[in-house]
Amino acid sequence: MNLKFSIITVCYNAESTILQTIQSLNNQTYKNIEHIIVDAESTDNTLDIIKKNKLHHGKIISEKDKGIYDAMNKGVRLANGHYLGFCNSGDLIHPGGIKIIYNKLKNKKL
């Protein structure tokens, strides 16, 4: 069983927090992750940080939106994973967090 997890991060002018969020996804022990970052056309260095550090299997969209839920829905439409989660800028996922979820799903204990 090789499940893909799609994790969506929405952000705007998040240069002080986006790197730690991206790193928390890059440092996962389970690697079949698609990280979708939806940026609302940040005017700071957020987009540069994202481009330099995104997951290999990541997607970036940077365009105006109608608010956080519009941005989240854009991410959902791009997602190709079996499971979907959200990790906003500044949020972190424990390095083994997705592997724990995967193991529980694999063993049907979730």
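This is a walk through the fold of one protein chain, from its overall layout down to single residues. Keep in mind that the model is predicted.

Let us start with the whole chain. There are four helices and four strands, and if you follow the sequence you meet them in the pattern β-α-β-α-β-α-β-α. The C-alpha trace spans about 45 × 25 × 20 Å along its principal axes. How does the radius of gyration of 14 Å fit with a compact globule? For 110 residues, such a globule would have a value near 13 Å, so the chain agrees with that expectation. Buried residues account for 40% of the 110 residues. The fold also brings together parts that lie apart in sequence: of the contacts between residues at least 6 apart, 75% join residues at least 24 apart.

Now look at the strands. Strands of a sheet pair through backbone hydrogen bonds, either parallel or antiparallel. Here, four strands form an open sheet in the order 3-2-1-4, and the pairing is parallel. Strand 3 and strand 4 are at the edges with a single partner strand each, so one side of each has no neighbour in the sheet. On average, neighbouring strands are turned by 20° against each other, direction ignored. You can pick out one pairing for yourself: strand 1 and strand 4 run parallel and are joined by four bridges. Try finding I8, whose bridge partner in strand 4 is F86.

The helices come next. An α-helix has 3.6 residues a turn, so residues three or four places apart point the same way. Helix 2 (residues 46-53) has T46, I49 and I50 buried. Viewed down the axis, the buried residues of helix 2 fall within an arc of 100°, which means that they line one face of the helix. K51 and K52, on the other side of helix 2, are exposed. What do the buried residues of helix 2 pack against? Their partners are strand 1, helix 1 (18-26), strand 2 and strand 3.

Helix 3 (residues 68-78) can be read in a similar way. Its buried residues are A71, M72, K74 and G75. They sit on the same side of helix 3 because they cover an arc of only 155° around the axis. The face turned away from that buried side carries the exposed residues Y69 and R77. Among the elements that cover the buried residues of helix 3 are strand 1, strand 2 (33-39), strand 3 (59-62) and strand 4 (83-86).

Let us move inside. The largest nonpolar core has 12 residues, including L3, F5, I7, Y30, C87 and Y102. Strand 1 (5-11) and helix 4 (97-106) each supply at least two residues of this core, and helix 4 gives the most, with three residues. L3 is a good place to look around: leaving out residues up to four places away in sequence, L3 touches Y30, N32, H82, Y83, Y102 and L105.

Finally, visit a leucine in a loop. L92 lies between strand 4 and helix 4. Is L92 buried or exposed? Its relative accessibility is 56%, and exposed means over 50%, so L92 counts as exposed. Even so, L92 has contacts beyond its neighbours within four places in sequence: Q20, T21, S24 and C87. To follow the chain onward, go 14 residues from L92 to K106, where the C-alpha atoms of the two are separated by 23 Å.

Note on methods: Residues numbered from 1 in each chain as written. Predicted model: local features only at pLDDT ≥ 70, side-chain atom pairs only at ≥ 80, totals over all residues. Heavy atoms only, no water. Core = buried A, V, L, I, M, F, W, Y, C linked by side-chain atoms within 4.5 Å. Buried < 20%, exposed > 50% of the residue type's maximum accessible area, 1.4 Å probe, protein only. Contact = heavy atoms within 4.5 Å. Arc of directions from axis to C-beta. Pairing = 2+ DSSP bridges. Axes fitted to C-alpha atoms, helices over the stretch in contact; angles between N-to-C directions. Rg over C-alpha atoms; globule rule 2.2 N^0.38 Å.
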